[in-house]
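Here is a walk through one protein, from its surface to its packed interior. Keep the structure open and follow along.

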Amino acid sequence: MLTLLLVKWLSTALVVIGVSVAVVRLGPRLGGVLAGTPIVLGPGYFFMLGEQPGAFVAEAALGSLHAMFATLAFCLAYVLLAGRQGALAAVALAAVLWLPVAALAAVLPGGTGLALVLFIACLALAMRLMRALGLSRTAVSAPLVWADLLIRGTLAGGIVCLATVVLADIAPALSGVALSFPIGMLTIALTLHQRYGAEVARATLADTQLGMLSLVAFSAVLAATAAHLSPALSFGLALAASLGTSSALWAWQRRLHSPRHA
């Protein structure tokens, strides 16, 4: 058991650290798209599929999909708060807001289809508000602070272990919600805010809201297929949907903000 926990922790930490390096190097727009990829959900559900029946995983994935409303609220709250508050206060208050929103989202009626429609509507409203703020998208060019990255990876690994081992015996929906806690976004916001300033962090989290479509695609496909397909096929389809969504968003952002297009 301890060996399995160590493997989960280390593998998740490596994924999160790798993505975090890219977020800093690519700047807010592309970094925000990449930050929305399933860097915690992916490893978490990979292990869960090997340990739990498909019906359990499907219900957990639906819980994760519902929790995306709370994560959207977290990003929105951080962007609004960080303009007036310090890094720790903005992140802490946004994280506190995540909890009641996640609890409310967990009892939403309907299945995957209704959750997708509601999320797209909420995302459109959030993005409209973000555009009205006129945030600066200054690229970051600074040395990486490896201590921050190690802390980020360690925290994300802990969330995966908690959701896939401790909560797995309680309730699948609760496990899915816990796995969706935005630890990656939280640590990205905290690190960027403290190291590079509030505006860089706010712009990245604002663009992460659009990048969350990758997380939504992953959760939705897994919720729809985990109970009916083999674990490998279900996970492969969910990952392909997620990466395909991120790739499309990446290409769209590069084209939209290329010098020729501008």
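Start on the surface. L80, L129 and L133 together make a nonpolar patch of about 220 Å². Patches are built from residues with over 30% relative accessible area and no salt bridge, joining like charges within 9 Å and nonpolar side chains (Val, Leu, Ile, Met, Phe, Trp, Tyr) within 5 Å. Areas come from the Shrake-Rupley method with a 1.4 Å probe, and for residues only the protein chains shown count as cover. This is a predicted model, in which local features need pLDDT of at least 70 and side-chain atom pairs count only at pLDDT 80 or more, while totals for chains, interfaces and linings use all residues. Residues are numbered from 1 along each chain as its sequence is written, and side-chain values use heavy atoms, with hydrogens and water left out.

One member of the patch, L80, sits in helix α4, residues 54–82. Helices (H or I, at least four residues) and strands (E, at least two) are DSSP runs, numbered from the N terminus. L80 counts as partly exposed because its relative accessibility is 41%. Buried means under 20% relative accessible area, exposed means over 50%, and partly exposed lies in between (1.4 Å probe, protein chains only).

Now the overall plan. The protein has twelve helices and zero strands. Of its 262 residues, 52% are buried. About 11400 Å² is exposed, and carbon and sulfur atoms supply 71% of that area. Contact means heavy atoms within 4.5 Å. Among contacts with a separation of 6 or more, 83% join residues 24 or more positions apart.

L116 gives an example of such packing. This leucine belongs to helix α6, residues 112–133. Is L116 buried or partly exposed? L116 is partly exposed, because its relative accessible area is 30%. Leaving out residues up to four places away in sequence, L116 touches L65, V216 and A220. H66 is 50 residues from L116 along the chain, yet their C-alpha atoms are separated by 8.9 Å.

Two of those partners, V216 and A220, are among the buried residues of α11. This helix covers residues 213–225 and has 13 residues. From first C-alpha to last, α11 reaches 18 Å, close to the 18 Å expected at 1.5 Å a residue. The expected span is 1.5 Å times one less than the number of residues. How many of the 13 residues of α11 are buried? Eleven are, so by the cut-off above the helix is mostly covered. L213, F218 and T225 are also on the buried list. The buried residues of α11 pack against α3, α4, α6, α9 (183–196), α10 and α12.

Helix α8, residues 172–179, is also mostly covered, with six of its eight residues buried. Those six are P172, S175, G176, V177, A178 and L179.

Move to α10, residues 198–211, for a charged pair. Side chains of opposite charge can pair when their charged atoms come close. A salt bridge is a side-chain nitrogen of Lys or Arg within 4 Å of a carboxyl oxygen of Asp or Glu. By this rule the count is one. The bridge joins R202 and E199, at 3.1 Å from N to O. Both residues lie in α10 (residues 198–211), three residues apart, about one turn of the helix. An α-helix has 3.6 residues a turn, so residues three or four places apart point the same way. R202 is buried, because its relative accessible area is 10%. E199 counts as partly exposed, because its relative accessibility is 37%. Beyond neighbours within four places in sequence, R202 contacts Y78, V79, A82, G83, L133 and L135. L133 is one of the three leucines of the opening patch.

Finish with the rings. The structure holds six aromatic pairs. F46 and F47 form an edge-to-face pair, 5.6 Å centre to centre, with 75 degrees between the planes. Rings of Phe, Tyr and Trp (its six-membered ring) pair if their centres lie within 6.5 Å; planes under 30 degrees apart count as stacked, over 60 as edge-to-face and the rest as tilted. F46 also pairs with F235: the centres are 5.5 Å apart and the planes at 65 degrees, so this pair is edge-to-face. The pair links distant parts of the chain, with F46 in helix α3 (residues 41–51) and F235 in helix α12 (residues 231–256), 189 residues apart. F47 counts as buried because its relative accessibility is 12%. F235 counts as buried too, at 14%. Ring pairs link Y45, F46, F47, F218 and F235 into a cluster.
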